[in-house]
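Here's a quick look at how some charged side chains pair up, and at what lines one of the pockets. Have the model open while you read.

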Amino acid sequence: MRILLISPEVVPFAKTGGLADVAGALPKALKAIGHDVRVFMPRYKKVNCRMKKINSLKVKLGGFTENVNICEGRIPDTDIPVYFVDHQKYFGSREELYQVKGIDYPDNLERFSLFCQAAPLFLKAINWKPDIVHCNDWQSALVIAHLKVTYKNDPFFNRTGTVYSIHNMGYLGMFDKEDIYLTGFDWQIFKQDYLEFWDNLALTKGGIAFADVINTVSETYAREIQTPENGYGLDGMLRSRSRDIYGIINGIDYDIWNPATDKNIPRRYSTATLSLKVENKIQLQHKNSLPQKVETPVIGMISRLADQKGFDILAGVIEPLLHEHCQFVVLGTGEPKYHRLFQELKQKYPNHIGINLSFDAIFAELIYSGADMFLMPSRYEPCGLGQMISFKYGTIPIVRKTGGLADTVHNYDSKTGEGEGFVFEEYSSKALLGAINHAIETFHKKSIWKSLQEKVMQLDYSWDASAKKYVSLYMKALEKVGIKPL
Ligand code: ADP
């Protein structure tokens with residue numbers, strides 16, 4: 001199959017969250033099973049890749065036209081082409097992807113409309129007809145709307161199936177309706193069934209309304225987004241498409257996330273040499289100016305500092321916990337109120353908490369390898385990668401039972417030995433505290449803890465299984481456009 005994966009972020013070129021991990025790893029797994037997969041993304045300032053210009057296009061954004069170059073590079077160590085949309089003003093001059101200090105770039109609609117409209121123009125220009133166009137989140141949703149509306153009668157695309165992946169329902173891509181002309185559409189599409197949402201534009205609706213099939217990144221989340229609690233006002237629309245909605249759990253790229261080969265951690269280890277993990281713990285404590293004590297459990301967190309991630313219930317219990325014998329190490333960036341919370345905690349409890357309020361991929365690896373436990377108290381979590389990465393590093397997750405966390409982590413039962421971590425259900429500080437205390441208690445039972453670590457390190461969340469599920473999803477999309485796959 002010829003597959004074009006369109007994503008606003010792709011590892012290793014640009015990342016703000018799990019979507020980038022998926023967009024970097026899924027193409028490799030699809031390629032490994034014989035598909036011709038290519039990637040389409042913006043060329044942000046921070047993209048570091050050898051590339052050459054292969055095309056230039058004129059994209060009409062309502063009343064004006066922008067010149068765009070397309071440059072071709074490769075996903076490192078592969079021959080998978082990556083087509084970068086090169087536009088100095090919209091992408092090349094931006095330090096960040098979507099926002100600075102929690103404030104969105106005011107021209108995000110222009111930026112991502114240009115990105116989306118460039119895709120079909122480019123495919124036609126190079127005469128490459130994909131079987132599947134796979135878009136991800138609101139930034140690329142308009143591609144699907146254009147294929148199904150603007151290019152509806154264009155024979156070039158009449159055998160192309162479309163897939164829309166929702167990585168997080170919380171981001172609808174909302175913009176002022178008066179700017180609709182920037183999308184390349186007119187008011188005809190400003191209807192409740194299409195892009196209109198409470199008198200605004202919501203770009204994600206372009207994907208939901210028009211994609212041949214829709215998926216989210218876990219089976220539980222696929223059900224949750226169809227409820228008022230997690231549907232962000234679109235649960236009704238999603239329910240109306242429920243027969244076309246699937247859940248596929250993300251995989252982990254073990255070329256990157258593997259303590260036995262990870263070059264960025266102080267000491268490599270595997271299940272056979274698990275006792276070496278503690279050397280990473282000592283380094284982690286040292287780098288965070290924490291007492292270097294092996295007996296003290298270290299709880300790691302690596303997260304966008306956003307309401308979704310459960311920091312409000314954590315705020316309610318962290319102080320009593322810091323009085324006890326445990327240490328916290330937090331790596332994250334996001335909402336200023338949480339930056340303040342952690343800065344205050346560091347001042348008050350310098351020997352119990354380490355804070356790193358930045359995005360730092362190398363430091364993340366030190367936390368995954370050095371912490372004893374990994375905390376994800378999310379209000380909602382479409383898939384969650386942290387818990388699966390933690391498994392591989394023998395770091396035991398403590399999670400709330402929601403979305404992909406519910407699908408991958410089951411509560412440890414001391415009687416049966418079943419379970420892969422510590423799970424709580426009610427979204428409250430009390431329930432969270434219960435799970436953390438259960439984890440700390442178990443941590444002190446040395447042999448039980450070790451066998452739990454060995455068990456989770458052997459779990460297999462590689463992309464192989466998930467890539468095959470994506471292929472069957474692509475087949476379903478092809479059937480929708482009237483093509484019977486072989
Ligand atoms: P989300 O996509 O909602 O942010 P996921 O758990 O799916 O959450 O993916 C988060 C990914 O981003 C993980 O790979 C995690 O290690 C990484 N990450 C999050 N924040 C940071 C940070 N501040 N520095 C480095 N990596 C981070």
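What follows covers a few salt bridges first and a pocket second.

Keep in mind that this is a predicted model. Searching the whole structure turns up 26 salt bridges. Three of them are set out here, with the distance between the closest N and O atoms.

| Acidic residue | Basic residue | N to O distance |
|---|---|---|
| D255 | K28 | 3.9 Å |
| E95 | K45 | 2.6 Å |
| E96 | K46 | 3.4 Å |

Let's start with D255 and K28. With N and O 3.9 Å apart, the pair falls inside the 4 Å cut-off for a salt bridge. The two residues come from distant parts of the chain, 227 residues apart. D255 sits in the loop between β14 (245-247) and α8 (277-287), while K28 belongs to helix α1 (residues 18-32). Is each partner buried or exposed? D255 has a relative accessible area of 62%, so it is exposed. K28, at 24%, is partly exposed. This pair also has company: K28, D253 and D255 are linked in a network of salt bridges.

Now for the E95 and K45 pair, where the closest N and O atoms are 2.6 Å apart. E95 is in the loop between α2 (88-92) and β6 (99-100), and K45 is in the loop between β2 (36-42) and β3 (52-61). That puts the partners 50 residues apart along the chain. E95 is partly exposed at 46% relative accessible area, and K45 is partly exposed too, at 47%.

What does the salt bridge between E96 and K46 tie together? E96 lies in the loop between α2 and β6 and K46 in the loop between β2 and β3, so the bridge connects parts that are 50 residues apart in sequence. Relative accessibility is 34% for E96, which counts as partly exposed, and 37% for K46, also partly exposed.

On to the pocket. The second largest pocket holds about 340 Å³ of space. Its lining is made up of L274, S275, K277, V278, K281, V294, D372, F443, K446, W449, K450 and Q453. Which elements give two or more residues to this lining? They are α8 and α16 (446-457), and α16 gives the most, with 4 residues.

As for chemistry, the lining of the second largest pocket divides into 5 nonpolar, 2 polar and 5 charged residues. Among the lining residues you'll find K277, K281 and D372, along with F443 and W449.

Methods. Residues are numbered from 1 along each chain as its sequence is written. This is a predicted model: local features need pLDDT of at least 70, side-chain atom pairs count only at pLDDT 80 or more; totals for chains, interfaces and linings use all residues. Side-chain values use heavy atoms; hydrogens and water are left out. A salt bridge is a side-chain nitrogen of Lys or Arg within 4 Å of a carboxyl oxygen of Asp or Glu. Buried means under 20% relative accessible area, exposed over 50%, partly exposed in between (1.4 Å probe, protein chains only). On a 1 Å grid over the protein atoms alone, a cavity is a set of points where a 1.4 Å probe fits but cannot get out, and a pocket is an open set with protein on both sides within 12 Å along at least five of seven lines; lining residues have an atom within 4 Å of a point. Grid points are joined across faces, edges and corners, and a volume is the space filled by probe spheres set on the points. Ala, Val, Leu, Ile, Met, Phe, Trp, Tyr, Cys and Pro count as nonpolar, Asp, Glu, Lys and Arg as charged, and the others, Gly among them, as polar.
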